[in-house]
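Trainee: Could you take me through one part of this model in close detail? I'd like to start with how the chain is knit together and then zoom in.

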Amino acid sequence: MDPAGAATIGILGGLGWMGDMLAHSLLTARLIDPRSLTLCSRRNSASRTVSLWPGVVYTPDAVELVNRSDVIVLSVRPQQFGSILMAAHDKLVISVMAGVSVEAIRLQTGAQRIVRAMPNAAAQIARSFTPWFSTPAVTAAERIFVQKLFETCGTADAVSTERDIDYLSGLTGSGPAFPALLADALMSHARARGLPADIARKAVDSLICGGGRLMEDVSVSPGEILQKFMGYEGTTAAALRKMIAHGFIAAVHAGLDAAEARSLEMSVNGKEV
Ligand SMILES: NC(=O)c1ccc[n+]([C@@H]2O[C@H](COP(=O)([O-])OP(=O)(O)OC[C@H]3O[C@@H](n4cnc5c(N)ncnc54)[C@H](OP(=O)(O)O)[C@@H]3O)[C@@H](O)[C@H]2O)c1
């Protein structure tokens, strides 16, 4: 494969939420010509990508998708994958499915060159972090291509073990869920104190979204930010100390342990939450 991206790509589940988003991102980034992209779903033939990009091929037939493509992206739900049989021995197969192991993909597709990646919902605004793991058979040129593919929807990094993907599925794969949990807790407190819903929402949005933007400065670590606010010994320090004393960090760690355990369980059972 040409690392610059000259490949034909087929996305199984390409009209679903994640598949459509990936298709749109790699077309917008001009990583691929629309005529080199095939999207497959069984029922739907209408999607944003198909309507916006003339030339993109739609097929309801997974065999046609495989025949037309050098690279197959698996973007069906994990429980849907169990019923799909495809012969993709000579293809690069890239899965974004949560909790479906490399071994399960190899057994079901016959592929040896397999990538497991875990984008998150922020891909919709080109802000996903997508970790990916590849089997040893994936070539150096293909690894460059995979990195470019996922950089079309944010940042990406290769990780060295498949276990890292299972762990990160629980961490970054959760998309906006953890910030939403914090925002919801802040909102319910503000509402209980009698603040109108719109004021509480604006206050919390500024904190979560504005604070997130400020944290993009990678020269300062989250720990350093905490130390700085502790140093003022003001309202924020009082809140932080109380939250930590009430088990905030332990609760986050326990949650991430549970997410990893669930991801590994799904890998074994092939079932999504
Ligand atoms: N959503 C997220 O934030 C997120 C994050 C990371 C990873 N993922 C992973 O992305 C994958 C897709 O998730 P999603 O949220 O995009 O689900 P989705 O919207 O339900 O998309 C799945 C698509 O697969 C198609 N499909 C199912 N069986 C098929 C078959 N046999 N042949 C061809 N197409 C088939 C479905 O269309 P038809 O029913 O018409 O066939 C549907 O459009 C999942 O494995 C998930 O774990 C999602």
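Trainee: Among contacts between residues at least 6 apart in sequence, what percentage join residues at least 24 apart? After that, please give me a close look at the sheet and what goes with it.

Mentor: That percentage is 53% (a contact means heavy atoms within 4.5 Å). Before we zoom in, keep in mind that this is a predicted model, where local features need pLDDT of at least 70 and side-chain atom pairs count only at pLDDT 80 or more, while totals for chains, interfaces and linings use all residues. Residues are numbered from 1 along each chain as its sequence is written, and side-chain values use heavy atoms, leaving out hydrogens and water.

Twelve helices and eight strands make up the secondary structure of the chain (DSSP runs numbered from the N terminus: H or I over at least four residues for helices, E over at least two for strands). Buried residues, those under 20% relative accessible area (over 50% is exposed, in between is partly exposed; 1.4 Å probe, protein chains only), account for 41% of the 273 residues.

Now the sheet. Its eight strands form an open sheet with mixed pairing, and reading across you meet β3-β2-β1-β4-β5-β6-β7-β8 (strands pair if DSSP finds at least two bridges between them). At the edges sit β3 (57-59) and β8 (154-158), each pairing on one side only. On average, neighbouring strands are turned by 20° against each other, direction ignored (axes are lines fitted to C-alpha atoms, for helices over the stretch in contact, and angles run from 0 to 180 degrees between N-to-C directions). Helix α5 (residues 102-109) packs on this sheet and touches β4 (71-74), β5 (92-95), β6 (113-117) and β7. The direction of α5 makes about 135° with that of β6.

Stay with β6 for a moment. Because four of its five residues are buried, β6 is largely enclosed by the rest of the structure. Four bridges tie β6 to β5, and these two strands run parallel; across that pairing, I94 stands opposite V115 in β6. Further along, five bridges join β7 (residues 128-134) to β8, again running parallel, and S128 has G154 of β8 as its bridge partner.

What about the helices? V63 belongs to helix α3 (residues 62-68) and counts as exposed, since its relative accessibility is 51%. V73 comes ten residues away from V63 along the chain, with 13 Å between their C-alpha atoms. In helix α7 (residues 162-171) you'll find S169, which is buried at a relative accessible area of 14%. Leaving aside residues up to four places away in sequence, S169 touches M118, S174 and S263.

Finally, have a look at the ligand. There are 24 residues around it (each with a heavy atom within 4 Å), and M18, R42, R43, V76 and R77 come nearest. Helices α1 (17-28) and α4 (78-81) each supply at least two residues of that shell. As for polar contacts with the ligand (pairs of N or O atoms within 3.5 Å), a backbone N or O atom of W17 lies 2.9 Å from a ligand oxygen, and a polar side-chain atom of R43 lies 2.7 Å from one. V76 brings a backbone N or O atom to 2.6 Å from a ligand oxygen. On its own the ligand exposes 880 Å² (Shrake-Rupley method, 1.4 Å probe), and the protein buries 84% of that.

How values were computed. Polar contact = N/O pair within 3.5 Å; in protein donor to acceptor, adjacent residues only side chain to side chain.
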